[in-house]
Amino acid sequence: MSAVPATAGRDRDAAARVPVRGLTVLYDAECALCASVRDWLVRQPQLVPLELVPAGSEQAGRRFPGLDHGATLEEVTVVGDSGQVYRGAAAWIVVLWALREHRPLAHRLSTPAGARLARGAVLAAARWRAGRRDGERWGGGAYRRGDGWSYDPRYGWIHEPPGCDGGACATG
């Protein structure tokens, strides 16, 4: 995987030649999902050492004074040892690339089709985090779709066909 910094003005070919010997993952220490991923990462065999630092912390501010630390709390950010900055899906891909067991997956996710999948996963995680931050819990405990399907964490998926309002029922 080549290093593609998020900073503007760098030559893409020159960035690809900069070796990555270490990565710092800035994670939201107040987020249960982020803390769980952090715990998982430290247990993985690493080809490239990962250092996990709470985003927005004094340590992060001292180490990376040029970063927008408010943004690092909103979007996963990884900083390479030569100053490369990866955000969002690119950050997740470079972290997987650093892990021995997941480097092949990182290579697949770095393709155009894989990048769409990685972006979808990052957006889903961001949506989950936003809901937790706002106190949202599946709309009061259950998620309901218009086609009669609903999800309740206590029971799983349940199908209740739409009723016959006004005596008119769809047949088919």
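## Exercises on a predicted model

The charged end of R103 sits over the ring of W97, 4.2 Å from the ring's centre. Keep that pair in mind, and remember throughout that you're looking at a predicted model.

**Exercise 1. Work out whether W97 is buried, and what helix α5 looks like around it.**

Step 1. Find W97 in the list of buried residues of α5: G88, A89, A91, I93, V94, V95, L96, W97 and A98. So W97 is buried, by the cut-off of under 20% relative accessible area.

Step 2. Now look at the whole helix. In α5, 9 of the 11 residues are buried, so this helix is largely enclosed by the rest of the structure.

Step 3. Set that beside the chain as a whole: buried residues make up 33% of its 172 residues. The chain has 8 helices and 7 strands.

**Exercise 2. Say which residues touch the most other members of the largest nonpolar core, and which element gives the most to this core.**

Step 1. Start with the idea behind a core. In soluble globular proteins, nonpolar side chains tend to be buried together.

Step 2. Pick out the residues. The largest nonpolar core has 24 residues, and L23, L50, V78 and Y86 touch the most other members.

Step 3. Go to the elements. Two or more residues of this core come from each of β1 (23-27), β2 (50-54), α5 (88-98), α6 (103-109) and α7 (112-133). The top giver is α5, with 8 residues.

Step 4. Don't stop there: another core lies apart from this one. It has 8 residues, among them L26, V53, A55 and F64.

**Exercise 3. Decide whether H69 is buried or exposed, and find what its side chain has for company.**

Step 1. Place the residue: H69 is in helix α4 (residues 69-74).

Step 2. Check the accessibility. H69 has a relative accessible area of 17%, so it counts as buried.

Step 3. List its contacts. Leaving out residues up to four places away in sequence, H69 touches G56, A60, G61 and F64.

Step 4. Zoom in on F64. A polar atom of the H69 side chain lies 2.7 Å from the backbone oxygen of F64.

**Exercise 4. Do the same for Q84: buried or exposed, and which backbone atom lies 3.1 Å from its side chain?**

Step 1. Q84 isn't in a helix or strand; look in the loop between β3 (77-80) and β4 (85-87).

Step 2. Its relative accessibility is 2%, so Q84 is buried.

Step 3. The atom you want is the backbone nitrogen of S82, 3.1 Å from a polar atom of the Q84 side chain.

**Exercise 5. Find the residue whose side chain makes a polar contact of 2.9 Å with that of R63.**

Step 1. Locate R63 in helix α3 (residues 58-63). With a relative accessible area of 35%, R63 is partly exposed.

Step 2. Collect the candidates. Not counting residues up to four places away in sequence, R63 touches T24, E51 and V53.

Step 3. Choose among them: the polar contact joins the side chains of R63 and E51.

Step 4. For V53, compare chain and space. V53 and R63 are 10 residues apart in sequence, with 10.0 Å between their C-alpha atoms.

**Exercise 6. Show where residues far apart along the chain meet, using P45.**

Step 1. P45 is in the loop between α2 (32-43) and β2. At 29% relative accessibility, P45 is partly exposed.

Step 2. Pair P45 with A98: they're 53 residues apart in sequence, yet 8.9 Å apart in space, C-alpha to C-alpha.

Step 3. Add the contacts. Beyond neighbours within four places in sequence, P45 is in contact with L99, R100 and E101.

Step 4. Widen the view. Among contacts between residues at least 6 apart in sequence, 56% join residues at least 24 apart.

**Exercise 7. Count the disulfides, then classify C31 and C34 as buried or exposed.**

Step 1. A disulfide needs two cysteine sulfur atoms within 2.5 Å. The count here is 0 disulfides.

Step 2. C31 has a relative accessible area of 9%, so C31 is buried. C34 comes to 15%, so C34 is buried too.

Notes:
Residues are numbered from 1 along each chain as its sequence is written. This is a predicted model: local features need pLDDT of at least 70, side-chain atom pairs count only at pLDDT 80 or more; totals for chains, interfaces and linings use all residues. Side-chain values use heavy atoms; hydrogens and water are left out. A charge sits over a ring if NZ of Lys or CZ of Arg is within 6 Å of the ring centre and within 35 degrees of the ring normal. A nonpolar core is a set of buried Ala, Val, Leu, Ile, Met, Phe, Trp, Tyr and Cys residues joined through side-chain atoms within 4.5 Å. Buried means under 20% relative accessible area, exposed over 50%, partly exposed in between (1.4 Å probe, protein chains only). Helices (H or I, at least four residues) and strands (E, at least two) are DSSP runs, numbered from the N terminus. A polar contact is a pair of N or O atoms within 3.5 Å; within protein, one must be able to donate a hydrogen and the other to accept it, and residues adjacent in sequence count only if both atoms are side-chain atoms. Contact means heavy atoms within 4.5 Å.
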